[in-house]
Every structure is written in C-alpha cells, then in structure tokens.
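Trainee: Hey, got a minute to walk me through this one? I'm new to it and would like to go residue by residue.
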Amino acid sequence: MNAPALTEVLRFLTALAPLREAAVMFLLYLSGGVFLFSLGLRRLPGFLLSLAFPAGLSLFTLTGFLCLVSGLPFTGLSVSLLIFLALCAALFFGPGKKETGAVRSLLLNKKYLLIFLALGAAAVCFSVCRLLPVTIDNDSVYYYSVYPETLVREGRFLASFDTFLTDVGPLSAVLNCLPFFFGFDNTIGVQTLMNLSFLGAFAAFMFRELSSSGTEKKEARLFSVLALFFLLGSMPFRFISSWIMSNAYFMELFFICVLLGYRSFGVEDRENTGLFAALLLFLAMCSLLRVEGSVMTVLAVASFSLVPENSGRKLMAETLAAALTPLLFYLMLYIRLGVDPLYSFLDLKKAVLTLGLFILLALWILTLRKRLSESERLFSFLPAALLLLLIAGNLGLALINKERYISNLKTFYTNIRLGNGWGIFGLFFVLCVLWSLFDLVRAGFRSPDFFDFFFPALLLTIAAACWARGGLLRVGVGDSGNRVLMQTVPFVVLILVRKAGRRSRAPGDI
Amino acid sequence: MNPKLKRNAVLVCLSVAALANFIHTALKAPSVQKFYRYDTPAFYNEAFFDEGRYPDLFLRLAIREKEVMLPRESRTYASYPSFGRDEEDGNPFDARYFKENNYVRYFEEYASSVTVDKNLPFGEEVEAALKPALGRFSDFGIANDMLRYSFPLNQEKIQQATAFWYYWYYHSFAEENPGEPGSFPKIRIALEGLTEAERLVALWDENENLYLMAEPVAEELGLLSPGGDS
C-alpha cells in the first residue's frame with residue numbers, strides 16, 4: 001500500500017463539507033432575512049442584506065443556548081425546529097402583518113427577493129471558497145473547535161468542562177457547534193460571511209450617520225466608501241477579522257448594537273421594529289460571546305439611556321435582553337453544575353457583580369432617569385457624569401491593585417507603540433481619543449456628541465475589564481487585552497470619518 | 001476657506017491616511033502573525049504538518065466517521081495505588097492514570113465508535129511491535145496540548161480530573177522536565193488506507209506516543225489476533 005499525500009487525505013475526509021457548509025450558511029442567511037423582514041425591516045435593503053446573516057447566526061446560537069440551559073435536546077434537529085417555529089411566529093404574528101402580510105410582501109417584491117437571494121448566494125460561495133488567509137492559535141483550536149465538538153457530542157454542559165465553562169464565552173462555544181451538527185469541519189467560512197455582512201452594515205451605518213448629519217448623499221457615499229477602505233486596510237481589523245476566535249463576532253455585533261441602539265431610526269418608521277428586534281438579538285448575543293461581554297453591554301445600554309430621545313420602555317427591553325443570557329448561564333453554572341475552578345476568568349463574585357450591574361442599570365432607567373429627564377440642563381451633564389463614574393471606578397481598581405492596573409496600562413501602550421497588531425493605525429487610535437476628548441471639553445461637557453463620551457467610556461470599561469480578568473496582560477499581538485482593544489477599530493474609523501465629514505462642511509451647513 | 005476646497009482637502013487627507021494604512025498593513029501584517037491559506041475544507045492545514053502543530057485537528061477529522069480499536073478500556077483512579085492517599089502524600093499523582101486512560105477517553109469521545117481488543121500491544125510492547133514499520137508512520141507533532149485539553153472527558157470527581165492538573169502535567173511539568181521520557185509524546189499516523197478503511201487501530205506506548213493506522217496496516221504488521229476482539 002502506498003501512502004497518499006496529506007492533501008489528498010484531507011480532501012477525501014472533507015469531500016461533502018463545502019456543500020453542507022454552503023447550505024447551512026445560506027439557510028441561516030435566509031432565516032435571518034425572513035425574521036427581520038417579518039418584524040418590519042423592509043424599506044432599508046442595505047440593512048436587511050447586511051444584517052440577515054448575523055441575525056440568522058444569532059437565532060441559531062441563542063436557540064442552541066436555550067436548549068442547553070433548559071435541558072431540551074441539543075441536536076441539529078431540535079435547534080432547527082425551534083428556529084423554524086420562531087420564524088413561523090414572526091411571519092404570521094409579526095408587526096408587519098397588519099399592513100401587508102409578511103408572506104405576501106415577500107412574494108410581491110420579486111425583484112427585491114431575487115437580489116437578496118443572489119447576493120446571499122454569492123457571498124456564501126465566496127466564503128466557502130476559502131480565498132482569504134486566516135490566522136489560528138491554540139484558542140482557535142481548543143476553545144472554538146475541540147470544546148464545541150465535545151459540547152455537541154455530550155449534548156449538554158457538564159461540570160467536567162471546568163475552565164471551558166468559565167473562560168470561553170458560552171455563546172461563542174455554541175456558535176462554533178455549527179460544523180459538528182451539520183457535517184463540516186470548521187467555521188472559517190462562517191466567520192468570513194460574518195465579516196462580509198459586517199462590512200455591508202458598516203458602510204450602511206456610515207452612510208446613514210453622514211447623511212443624517214447634513215452631508216449631501218453623494219458626498220456621504222464617497223466618505224462611506226473611503227471609511228470602508230480605511231477600515232479594511234487597518235491592521236487591527238485585518239487581524240481580528242481573520243483570527244478564528246470570538247473577537248471578530250464580538251467586535252462586529254457590538255458595533256452594530258451601538259449603532260442601532262444609540263438613537264432611534266425614526267419614531268414613526270415601521271423599520272424601527274425590525275431594527276429593534278435585531279438590536280435585542282445582538283445585545284443578548286454580545287453579553288455572552290465573550291466573558292467580558294456583559295460589562296460591555298451594560299455600558300452600551302447605559303450610554304443609550306443618556307440620549308434623551310430613547311424611551312424608557314425600549315431601554316428596559318434592551319436591559320432585559322442583555323441580562324437574560326448571562327443570568328441563565330450563571331444560574332446553570334453555579335446552581336445546577338456547582339462549578340468553581342481554580343484559576344478561571346469568571347468566578348461567582350464576578351458573576352454576582354455583573355448581575356448587580358444589570359439590576360442597577362434597570363433601577364436607573366426606571367427611577368432616576370425618569371426624574372432627571374424632566375430637567376434638560378441636568379440631563380445634559382449625564383454623559384460627563386458617566387465618564388466621571390468610570391474614572392472613579394478605574395481609580396478604585398488601581399487602589400486595590402496598583403501594580404496590575406499600571407502594568408496593564410503600560411502593556412496597552414507598549415503593544416500600540418510596537419505595532420503589535422496595530423501597524424500605523426495606533427496613530428489614528430490616539431488621534432481619535434484626543435479628538436473625542438477635545439470635542440468633549442469644547443462642548444463644555446454638556447450634551448456632547450454620543451461618540452465623544454461613548455468612546456472614552458468604552459476605553460475605561462476595557463481597562464477595568466482587563467484588570468478584573470486577573471493576571472497581568474502581556475506584550476504581544478495575541479494578548480487578550482490587546483485583542484479587546486483592537487476590537488474598537490470600527491468605532492475609531494467611524495468617529496474619525498464622521499468628524500472629518502463634518503469638518504468638510506462650511507460653518508452654517510447643518 | 002472655500003467650502004469645496006475644504007471638502008477636497010479633507011478627502012485628500014483621508015485618502016492619504018487610508019492608503020498609507022492599507023499599504024503598511026499589506027506589507028507588515030504577515031511578519032507580525034502567521035496567516036494560513038487553505039486549499040482544502042479541513043481545519044487542519046498542510047503547513048501544520050511541517051510545523052508539527054495541532055496534530056489533533058487531523059486526528060479528530062480522521063477518526064470522526066470511523067470505528068477505532070483500542071487495546072484497553074479506561075480505568076478509574078480508584079484502581080491506582082495513589083488513590084485515597086491525599087492526606088498522607090499531600091497531592092499524590094500517578095502519571096499512569098493519565099498515560100493509560102486519556103487516549104481511551106479521547107477515542108471514546110471523538111470516534112464514531114470504539115471496540116477493545118486486549119490482544120493488541122500496550123505500553124512497553126508497542127515499540128517492539130512497531131519498530132520494523134516506524135517508517136510507515138508520519139510524525140504529526142507532539143500531543144501535549146491535545147492531552148492537556150482532554151480534561152472535559154474526565155468525569156471523575158477528583159482533583160486529578162481538573163483542568164488545573166492536566167495543565168500542570170502536560171504543560172508545566174513537561175517544560176520543567178524536558179528530558180523525562182513521556183514529557184513530549186508524539187502523534188504518529190500511517191496514512192496508507194486511512195481513508196478507505198472503516199476501522200482504525202490506535203496503540204500507545206508507556207510514554208504516551210500514539211500510533212494510529214488503518215486496520216489492514218495493523219493486520220499486515222501482525223498486530224491483530226485472528227478472531228478479532230476479545
């Protein structure tokens with residue numbers, strides 16, 4: 001017998017994988033599109049196209065997670081059935097039903113439907129072809145391939161999963177179960193399609209931000225294309241998007257959450273419901289995609305609450321969506337499984353603290369925010385108050401363990417300076433921080449632009465989360481703190497291009 | 001400043017920044033972190049073979065749809081001499097508990113099914129049995145990370161079943177004792193007939209070096225007794 005070449009063996013063992021992968025990805029894209037369309041997202045084709053796959057992927061992940069925490073069978077069939085039921089409910093009972101039934105609408109807009117299907121199919125084919133190189137490390141293999149395959153084979157969370165339960169974002173683990181349910185070997189194609197969807201969403205949001213702030217549509221298009229090119233060419237985005245890990249999904253979904261949540265898309269617009277449904281779905285995802293995800297979603301919703309136009313009801317719905325997944329997981333982890341490993345990222349104290357933050361957020365929205373919203377003047381200083389609170393919090397952490405806090409800050413600085421995953425983008429990052437702070441001061445800390453307070457708040461939260469992780473960060477592109485900081489790259493590009501777009505208008509232009 | 005001029009100046013600045021950014025990334029990114037191009041749908045990349053990395057990515061793929069024959073069933077910690085001696089010895093540890101059982105659990109978890117043939121060589125017998133045919137096996141790399149992360153498969157409620165102990169033994173202990181036999185066990189796989197065979201045979205020696213082969217290869221090497229399983 002002669003030994004075949006390794007490539008031959010690999011191709012033989014994965015002969016049907018591309019077909020299966022393509023079929024699954026396309027079905028997720030369709031499911032997400034149908035879901036959002038049924039909930040009202042119809043007249044914003046750019047958003048529907050770009051959010052369809054993330055929505056479908058989120059539906060799969062959240063449904064799978066619910067099966068695991070509730071004890072329902074965790075199989076490809078059960079998860080698919082539940083998604084199907086959710087889609088039926090959305091189609092027949094969704095808010096869009098009242099005007100033109102969702103199903104009828106779908107079938108009447110044939111041209112729209114064909115474009116949706118054709119673009120989706122093209123993106124899926126591109127993703128499955130593996131044309132773009134990726135980067136892989138130990139976490140990619142053990143956290144996001146071995147652990148998910150074990151989860152599929154066991155069909156439940158087990159106490160023996162030990163630090164996998166506390167160190168790996170549970171929703172990232174469930175998301176990565178896809179190949180092992182449906183007969184392919186990895187999520188490289190899935191991540192590629194997620195990246196493509198995100199780029200579409202980024203361009204759509206960029207265009208929307210610029211045109212709604214008074215930039216002419218033609219100019220807004222030009223700036224959006226430039227912003228996309230800027231993002232694609234930045235080293236942090238290159239690394240995060242092509243690293244087979246949870247960072248890419250978190251970076252992209254969190255950005256979409258913030259852009260969807262920070263201001264209404266138009267009070268009377270029915271599209272609002274579809275986009276709002278997407279926001280709730282993605283908030284629930286972000287909370288548990290990474291261990292620090294919950295703290296980020298608390299920050300996001302807290303920041304949305306500082307925009308006076310956002311209603312208390314919507315904010316409470318957002319808080320509940322973000323809190324639900326960690327609550328269910330912590331209950332399962334600490335009460336059902338009784339897990340408490342030595343040396344883990346997540347422990348009972350941090351879990352309780354996180355839930356405490358959600359409770360405080362809810363209380364803030366229900367009580368104090370309502371009162372303060374009666375005084376426009378007081379309300380206008382709240383963003384500054386949030387920043388002060390975060391600064392105070394960080395100072396508190398520094399007092400508790402000064403060495404760890406300062407070492408982490410130095411490591412952040414060293415990684416940026418040495419270009420570990422940053423390239424020259426570090427300069428733009430610093431420019432963004434300084435420009436945001438400058439505009440914040442120029443506004444007299446009163447009613448600042450959302451991103452002028454959100455971005456510094458995000459950085460302070462990242463610093464706190466990295467401190468709370470325990471241990472010291474290390475110099476190197478793969479350090480988790482460095483990767484979390486690199487996740488801010490879409491915000492940096494958005495903020496800089498937005499500010500440049502405003503600067504390009506004459507004073508007196510809107 | 002003329003509004004059109006202002007706008008053009010901003011566009012030029014942005015374009016230059018974006019272009020510089022793009023060029024720098026294109027030139028420098030590959031030197032910061034290795035990127036892999038894929039020619040197959042598998043997660044295991046051919047470059048990993050040259051680098052001796054992630055051999056278990058190939059191993060899991062190879063056994064996923066196959067039945068694997070093993071020389072032993074797994075044993076609980078209670079059958080090892082160090083069991084129950086925590087009070088006496090502090091943190092007793094018997095390396096055989098890991099070396100004899102982790103592969104069993106691994107194949108039980110990730111193969112389509114397993115059967116046990118106690119006539120297959122085990123431990124010290126393996127080297128002698130395979131010595132004439134070592135050239136037929138390809139060295140895929142060391143098994144430390146694979147074994148370190150096999151803790152989820154150990155459902156015994158004891159200290160030695162925790163992630164911490166697996167990390168200590170396969171990572172810290174190995175690095176502190178590199179010369180100790182078994183510190184860096186290897187994964188060796190014979191590719192002949194691997195794809196066509198419905199059954200594979202997995203053997204490991206006392207140092208946890210793993211040998212995986214197709215059943216026909218094992219038969220050729222005289223490893224399988226007539227009559228098959230016991």
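Mentor: Sure, let's start with A:Leu13, which is found in helix α1 (residues 6-13) of chain A. Helices here are DSSP runs of H or I with at least four residues, strands are E runs of at least two, and both are numbered from the N terminus. Keep in mind that this is a predicted model: local features need pLDDT of at least 70, side-chain atom pairs count only at pLDDT 80 or more, and totals for chains, interfaces and linings use all residues. Residues are numbered from 1 along each chain as its sequence is written, chains are lettered from A and ligands numbered from 1 in the order in which they are written, and side-chain values use heavy atoms, with hydrogens and water left out.

Trainee: OK. How does A:Leu13 count in terms of accessibility?
Mentor: A:Leu13 counts as partly exposed because its relative accessibility is 22%. Buried means under 20% relative accessible area, exposed means over 50%, and partly exposed is in between (1.4 Å probe, protein chains only).

Trainee: What does A:Leu13 touch?
Mentor: Leaving out residues up to four places away in sequence, A:Leu13 touches B:Phe58, B:Leu61, B:Ala62 and B:Thr195. Touching is contact, meaning heavy atoms within 4.5 Å.

Trainee: And how far apart are A:Leu13 and A:Leu382?
Mentor: C-alpha to C-alpha they are 58 Å apart in space, and 369 residues apart in sequence.

Trainee: Let's talk about the two chains then. How many residues of chain B are in contact with chain A?
Mentor: On chain B there are 65, in contact with 72 residues of chain A. Together the chains bury about 6400 Å², with 67% of that on carbon and sulfur atoms. Buried area is the accessible area (1.4 Å probe) that two parts lose on being put together, summed over both.

Trainee: Which three residues supply more of chain B's buried area than any other three?
Mentor: That would be B:Phe35, B:Pro41 and B:Phe43, which supply 11% of the area that chain B buries against chain A.

Trainee: How many salt bridges are there between chain B and chain A?
Mentor: The count is 4. A salt bridge is a side-chain nitrogen of Lys or Arg within 4 Å of a carboxyl oxygen of Asp or Glu. A:Glu149 forms one with B:Arg60, and their closest N and O atoms are 2.5 Å apart.

Trainee: What about residue pairs in polar contact?
Mentor: Between chain B and chain A there are 25 such pairs, with both residues at pLDDT 80 or more. A polar contact is a pair of N or O atoms within 3.5 Å; within protein, one must be able to donate a hydrogen and the other to accept it, and residues adjacent in sequence count only if both atoms are side-chain atoms.

Trainee: Which element gives the largest share of chain B's side?
Mentor: α1(B) does, with 18 residues on the side of chain B that touches chain A.

Trainee: Switching to B:Glu100, where is that?
Mentor: B:Glu100 sits in helix α5 of chain B. Its relative accessibility is 18%, so it counts as buried. The B:Glu100 side chain makes a polar contact with the side chain of B:Tyr80 at 2.6 Å. Not counting residues up to four places away in sequence, B:Glu100 touches B:Arg75, B:Tyr80, B:Phe122 and B:Trp204.

Trainee: New topic: how many disulfides turn up over all chains?
Mentor: A search of the whole structure finds 0. A disulfide is a pair of cysteine sulfur atoms within 2.5 Å.

Trainee: Why is there no bond for A:Cys257?
Mentor: Because the closest cysteine sulfur, in A:Cys286, is 4.0 Å from the sulfur of A:Cys257, too far for a bond. A:Cys257 is buried, with a relative accessible area of 0%.

Trainee: And A:Cys67, buried or exposed?
Mentor: Buried, at 1% relative accessibility. The closest cysteine sulfur to that of A:Cys67 is in A:Cys177, 11 Å away and too far for a bond.

Trainee: Last one: what is the phi of A:Arg130?
Mentor: A:Arg130 has a positive phi of about 60 degrees although it is not a glycine. A:Arg130 is found in the loop between α6 (110-128) and α7 (138-154) of chain A, and it counts as buried at 7% relative accessibility.
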